[in-house]
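Hello,

Here is the structure I promised to pass on. Please load it first, then read the notes below.

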Amino acid sequence: MKQSKIVTIERHIIEGERAHPGASGEFSALLRDLTLAFKVIHREVSKAGLVDIIGLTGKENIHGEQVKKLDAFADETVCKAMDHTGHLCIMASEEHEEALNIPDAYPKGKYVLLYDPLDGSSNIDVNITIGTVFSIYRRVSPGGKGTLDDCLQPGYKQIAAGYAIYGSSTMLIYSTGDGVHGFTLDPSIGEFLLSHENLRVPKRGKIYSINEGNYRFWDEGVKKFIKFLQEDDKSTNRPYTSRYIGSMIGDIHRTLMYGGIFMYPADQRNPNGKLRLLYEANPMSFVMEQAGGRASNGRKRILDVTPTELHQRTPLFIGSDEDVALAEEFLHGKR
Ligand code: P6P
């Protein structure tokens, strides 16, 4: 029987590094360190119901949201896995108001890590898919401790981005700019194994994903777009199906795999949208574009937005190229 090639993420990272002559190996080591954090978070998420780690910490994060125990655990796990490695000059977490300086005792590196430790955490207690999202940039400051400018770079400057998704299986989906690759964790050996090489999002899908409970707050263009997708017109592959988990990781991962569009628009309550540019929109947009998809804030490409603050929010329209382009036509009043 032909033994299928077992490709661990470590092997995939090293082979990717060899494709970039002159690569220092430091970037590969950074990615490997990050995958350790994902394995530790997977272990806690997979037994969350059995130990006293679901429920609330009694604290609020800077967004006024209740911090779940698993949120706090995931945040600390990523921070502790990365702060001493010498790869990073600074980090920023969706759970912390300020950027996270690398402790003085540790060497400073040439990379920047931005992360959302556990996106979708409001779903933890009901066993719905959640995930950890990350972005990696090269530093722009000259040396030593990193600065806020290192964190406030436009998304097209990302050199890698991806997410761990804790669902029916735990997967790691990431890109370093050479396409998107998916790895499935085999808990029996504790390795992420290549399971989805060169993921490509369909040019057009049949699924739209949005919280329809916000209908009354939407702009007219969004309302018209959703109504258009719901019309019965087989010649243009409509009506679409609606799917909404309420966990961005799950909704966008499904969109990546099946095609279609995920939307969290600005509305009368959230004039800048709800999702965070640095920790959610930028990394997911980098991955989606690398898979042949598209990501917009309704007016411009997400990755072209230059951030002005760590926790700024953005409207997000992300998924199949043709579906996002169609949404933009409705948003611009062209349809
Ligand atoms: P709503 C989860 O709290 C989250 O940040 C994203 O994961 C998700 O897409 C969104 O909020 C859901 O928001 O307003 O539809 O409940």
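**The enclosed cavity**

Helix α2 gives the largest share of the lining of the largest cavity, 4 residues. The model is predicted, so please read everything here in that light. The structure holds 1 cavity of 30 Å³ or more. The volume of this largest cavity is about 40 Å³. Its lining consists of Ile-9, Ile-13, Leu-31, Leu-34, Thr-35, Phe-38, Phe-134, Leu-172 and Tyr-174. Two or more of the lining residues come from each of α1, α2 and β8. Sorted by class, the lining has 8 nonpolar residues, 1 polar and no charged ones.

**The largest pocket**

How much space lies in the largest pocket? The value is about 490 Å³. The lining has 24 residues, and Gly-16, Glu-17, His-20, Phe-27 and Thr-176 are the closest to the centre of the pocket. Three elements, α1 (9-18), α2 (26-46) and β8 (170-175), each supply at least two lining residues. Here the largest share belongs to α1, with 5 residues. By class, the lining of this pocket has 8 nonpolar, 10 polar and 6 charged residues.

The elements α1, α2 and β8 therefore deserve a joint look in your viewer: each gives at least two residues to the lining of the largest pocket, and each gives two or more to the lining of the largest cavity.

**The second largest pocket**

This one has a volume of about 420 Å³. It is lined by 25 residues. Nearest its centre lie Glu-65, Gly-120, Ser-122, Lys-274 and Arg-276. Two or more lining residues come from each of β2 (66-68), β5 (111-119), α6 (248-258), β13 (261-264) and β14 (275-276). Strand β5 gives the largest share, 3 residues. The class split is 6 nonpolar, 8 polar and 11 charged.

Where does the second largest pocket lie with respect to domain 1 and domain 2? It lies between them, because domain 1 (9-196) and domain 2 (207-331) both give residues to its lining.

**Helix α3 and the cysteines**

Helix α3 covers residues 69-82, 14 in number. From first C-alpha to last it reaches 20 Å, close to the 20 Å expected at 1.5 Å a residue. Its buried residues are Leu-70, Asp-71, Ala-74, Asp-75, Thr-77, Val-78, Cys-79, Ala-81 and Met-82. Cys-79 has a relative accessible area of 17%.

How many disulfides does the count give? The count comes to 0. Cys-79 is in no disulfide, and the nearest cysteine sulfur, that of Cys-151, is 13 Å away. For Cys-151, the closest cysteine sulfur is in Cys-89, at 7.5 Å, too far for a bond. Cys-151 is buried as well, at 0% relative accessibility.

**Strand β10**

Two residues of strand β10 (191-196) are on my list. His-196 lies in this strand. It is partly exposed, with a relative accessible area of 25%. His-196 and Gly-221 are 25 residues apart in sequence, and their C-alpha atoms are 36 Å apart in space.

Leu-193 is also found in β10. Is Leu-193 buried or exposed? It is buried, because its relative accessible area is 19% and the cut-off for buried is under 20%. From Leu-193 to Gln-290 the chain runs 97 residues, and their C-alpha atoms are separated by 20 Å.

**Backbone points to check**

Arg-238 and Pro-239 are joined by a cis peptide bond, with omega about 10°. Pro-239 sits in the loop between α5 (220-230) and β12 (241-242).

Asn-237 is in the loop between α5 and β12 too. Its phi is positive, about 60°, although it is not a glycine. At 35% relative accessibility, Asn-237 counts as partly exposed.

Asn-127 is another residue other than glycine with a positive phi, near 60°. Its place is in the loop between β5 and β6 (130-138). Asn-127 counts as exposed, at 75% relative accessibility.

Best wishes

Key: Residues are numbered from 1 along each chain as its sequence is written. This is a predicted model: local features need pLDDT of at least 70, side-chain atom pairs count only at pLDDT 80 or more; totals for chains, interfaces and linings use all residues. Side-chain values use heavy atoms; hydrogens and water are left out. On a 1 Å grid over the protein atoms alone, a cavity is a set of points where a 1.4 Å probe fits but cannot get out, and a pocket is an open set with protein on both sides within 12 Å along at least five of seven lines; lining residues have an atom within 4 Å of a point. Grid points are joined across faces, edges and corners, and a volume is the space filled by probe spheres set on the points. Ala, Val, Leu, Ile, Met, Phe, Trp, Tyr, Cys and Pro count as nonpolar, Asp, Glu, Lys and Arg as charged, and the others, Gly among them, as polar. Domain bounds come from an automatic or database domain assignment. The expected span of a helix is 1.5 Å times one less than its number of residues. Buried means under 20% relative accessible area, exposed over 50%, partly exposed in between (1.4 Å probe, protein chains only). A disulfide is a pair of cysteine sulfur atoms within 2.5 Å.
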